[in-house]
Every structure is written in C-alpha cells, then in structure tokens.
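Biologist: I have a new chain to learn. Can you walk me through its fold?

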Amino acid sequence: MLTLNINGKEQQVAADPDMPLLWVIRDLLGLTGTKFGCGVAQCGACTVHLNGEAVRSCVTKVSRAAGQKVTTIEGLSQNNDHPLQLAWAEFDVPQCGYCQSGQLMSAAVLLRENPNPTDQDIDDGMSGNICRCGTYPRIRAAIHKAAQLQREGAKS
C-alpha cells in the first residue's frame, strides 16, 4: 500500500511500485483529466506536478510519488479560475483538447518560474508538449494573458 498526496488529499493505493503514476491517477483514482499520449515522455499529454515540478506521469513510477505532493489538472484550481484556465477559455485554445491538461500543467510551472515570459521563453518552456492540432499560437497568447492576469492579482 502506497500513500500519495493527490491534489492535497492523502490517498492509499494498492499498486505495484513500478506502475506508472499515470495509471494510478487515471485507473485507480479515477482522475481522468491527465491523458495518455505517447507513453515514452515525448508528447507531454500526461504532465502533472510532482512537488511543483512538471513530470511526465507515463514514465514516472508511482513509488517515486509516494509521500510527495502530486497535482493533476483537477487540482490546478478548485473552480477552474487559475489565470491559465481563464486565459485558455478567453483565447479558445483547445481544439481537440486532448493535450490541453498537459499543456496547462507545463504552462503553470513556466509561469511560476518566469512570471513575465517572452515568446521565446514560452516556446522553450512549452517545447516538450505537443499539440497535434497546432494550437501553438493560441497557447502562446493565452500564456501571455495569464501572465498579465497574474500580475493584476488573479488567483494562481
């Protein structure tokens, strides 16, 4: 039995310590916002936060997350009012939407570390997240808007 802190709640899970964190989140805990993409940490669809850092949950063993703080897209904000979520809606970023939770989780780390990113900072910071629909210009615009919202004091 492993103890995980998922979105601020302690949870006990009976999982093989080598099981990818993604499958524990999705299949054992029922939090389906985090998506399976490539399975080899190349597309970023499965991005979650582990102690505040963006990790690819498809290749992160659940044993690494035991006793650590894991945040999924469901835990990014309680009311979908994170500046990134507000900006994502304003710029109508998602197309098919499949990669968006991973995009948002990576963007949240980017904005925490760089609250005023340039276009190049965004391109560099988001380069590990692939969007098959090509919504990159809207993602970039939304990140700039979220940065502005953060500066103006919106919840983050």
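Modeller: Gladly. This is a predicted model. Start with its open sheet of five strands, where the pairing is mixed.

Biologist: In what order do the five strands of the open sheet lie?

Modeller: The pairing in this sheet is mixed. Strands of a sheet pair through backbone hydrogen bonds, either parallel or antiparallel. Read across the five strands, the order is S2-S1-S5-S3-S4.

Biologist: Which strands stand at the edges, with one side left without a neighbour in the sheet?

Modeller: Look for strands that have a single partner strand, because one side of each then has no neighbour in the sheet. Those strands are S2 (9-13) and S4 (53-56).

Biologist: What does the twist average from one strand to the next?

Modeller: The twist is taken from each strand to the next one. Its average is 40 degrees.

Biologist: Which residue of S5 is the bridge partner of Ile6?

Modeller: Strand S1 covers residues 2-6, and S5 covers residues 69-71. The two run parallel and are joined by two bridges. In S5, Ile6 has as its partner Val70.

Biologist: Which helix packs on the sheet?

Modeller: The helix touches S3 (47-50), S4 and S5. Its direction makes about 45 degrees with that of S3. It spans residues 100-113 and is helix H4.

Biologist: Now S3. Which residue of S4 stands opposite Val48?

Modeller: S3 and S4 run antiparallel, joined by four bridges. Their hairpin has two residues between the strands, and Asn51 there takes a positive phi near 55 degrees. Opposite Val48 in S4 stands Val55.

Biologist: And which residue of S5 is the bridge partner of His49?

Modeller: S3 also runs antiparallel to S5, with two bridges between them. The partner of His49 in S5 is Thr71.

Biologist: Which residues of S3 are buried on each side?

Modeller: In a regular strand the side chains alternate between the two faces of the sheet. Both faces of S3 are covered. One side has Thr47 and His49; the other has Val48 and Leu50.

Biologist: Which helix gives the most to the largest nonpolar core?

Modeller: This core has 19 residues, and those with the most contacts inside it are Leu84, Trp88, Met126 and Ile143. Helices H3 (83-90), H4 and H6 each supply at least two of its residues. The top giver, with six residues, is H4.

Biologist: How many residues are in the other core?

Modeller: The other core lies apart from the largest one. Among its residues are Leu4, Val24, Val55 and Ala65. Its count is 15.

Biologist: Is H3 parallel or oblique to H4?

Modeller: Two packed helices are described by the angle between their axes and the distance between the axes. The axes of H3 and H4 come within 10 Å and cross at roughly 130 degrees. That angle makes H3 oblique.

Biologist: Which residues of H3 make the contact with H4?

Modeller: The crossing of H3 and H4 is right-handed. On the H4 side, the contact includes Gln100, Leu104 and Leu111. On the H3 side it is made by Leu84, Gln85 and Trp88.

Biologist: Last one. Is Arg132 buried or exposed?

Modeller: Arg132 lies in the loop between helix H5 (119-125) and helix H6 (136-151). Beyond residues up to four places away in sequence, Arg132 touches Cys96 and Tyr98. Its relative accessibility is 71%, and over 50% counts as exposed, so Arg132 is exposed.

Technical notes
Residues numbered from 1 in each chain as written. Predicted model: local features only at pLDDT ≥ 70, side-chain atom pairs only at ≥ 80, totals over all residues. Heavy atoms only, no water. Buried < 20%, exposed > 50% of the residue type's maximum accessible area, 1.4 Å probe, protein only. Contact = heavy atoms within 4.5 Å. Pairing = 2+ DSSP bridges. Axes fitted to C-alpha atoms, helices over the stretch in contact; angles between N-to-C directions. Core = buried A, V, L, I, M, F, W, Y, C linked by side-chain atoms within 4.5 Å. Parallel < 35°, antiparallel > 145°, perpendicular 65-115°, else oblique. Left-handed = near helix turned anticlockwise from the far one by under 90°.
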